[in-house]
Amino acid sequence: MKKMLLFLAMTSIVSLASAQKCQEKDVPSAVKDKFVSLYPSNKVEKWEKDGSNYDACFEQTKKKIKVTFSASGTLVKTETKISVIELPQTVKDYANRNYPGKKISDASKVVDIDNTTTYKIEVNDLKLVIDSNGNLIQSKKD
């Protein structure tokens, strides 16, 4: 399970660096159809191609959300921007213990296809992925 979490987290972080903006006309209809079925009252603000996956970026209830789909329309993960206050205490404790005196400047909650939740945070020039138990999965210098 830990190896799977590590793989998913690494894939997520690598995908952040490699996502390319794309036109809606270039998004497969299966992806667009799945988005509409899951979020019928939302409009995609930006599409991105991430390897073989597609990201739909939009806003819902004043939160920025990015959903990732496979080319066949399968939901891969959902990433929601959250405030630092919304982070679980275990994640805040990890940051405070390992980066004393540093502030968390950005936070997101990521739920993958297996319903596993991780948290992406930024501390100074580091992007960290931490599981809900407060364990570091990935660290990347920005």
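**Close-up views of an aromatic cluster, two cysteines and Glu79**

**View A. Phe35 and Phe58 are both buried in this predicted model.** Across the whole structure, a search returns four aromatic pairs. One of them joins Phe35 to Trp47: the ring centres are 6.2 Å apart and the planes meet at 70°, so this pair is edge-to-face. Phe35 belongs to helix 2 (residues 29-38) and Trp47 to strand 2 (residues 46-50), so that the pair links distant parts of the chain, 12 residues apart. Phe35 and Trp47 are both buried.

**View B. Phe35 and Phe58 form an edge-to-face aromatic pair.** The centre-to-centre distance is 5.1 Å, with 80° between the ring planes. This contact, too, links distant parts of the chain, with Phe35 in helix 2 and Phe58 in strand 3 (residues 53-60), 23 residues apart. Ring pairs join Phe35, Tyr39, Trp47 and Phe58 into a cluster.

**View C. Cys22 and Cys57 are shown as cysteines without a disulfide between them.** A disulfide requires two cysteine sulfur atoms within 2.5 Å, and by this rule the count comes to zero disulfides. For Cys22, the closest cysteine sulfur is that of Cys57, at 9.7 Å, which is too far for a bond. Viewed from Cys57, which is in no disulfide, the nearest cysteine sulfur is that of Cys22, 9.7 Å away. Burial is assigned to residues under 20% relative accessible area. Cys22 has a relative accessible area of 17% and is therefore buried. Cys57, at 12% relative accessibility, likewise counts as buried.

**View D. Glu79 is a buried residue of strand 5.** Strand 5 spans residues 75-82. The relative accessible area of Glu79 is 10%, so the residue is classed as buried. Its side chain is joined to that of Ser108 by a polar contact of 3.4 Å. When residues up to four places away in sequence are not counted, Glu79 touches Lys64, Ile65, Lys66, Ser108, Lys109, Val110 and Lys120. Ser108 thus appears both among the residues that Glu79 touches and as its partner in the side-chain polar contact.

Technical notes:
Residues numbered from 1 in each chain as written. Heavy atoms only, no water. Phe/Tyr/Trp six-rings, centres within 6.5 Å; stacked < 30°, edge-to-face > 60°. Helix = DSSP H or I, 4+ residues; strand = E, 2+ residues; numbered from the N terminus. Buried < 20%, exposed > 50% of the residue type's maximum accessible area, 1.4 Å probe, protein only. Polar contact = N/O pair within 3.5 Å; in protein donor to acceptor, adjacent residues only side chain to side chain. Contact = heavy atoms within 4.5 Å.
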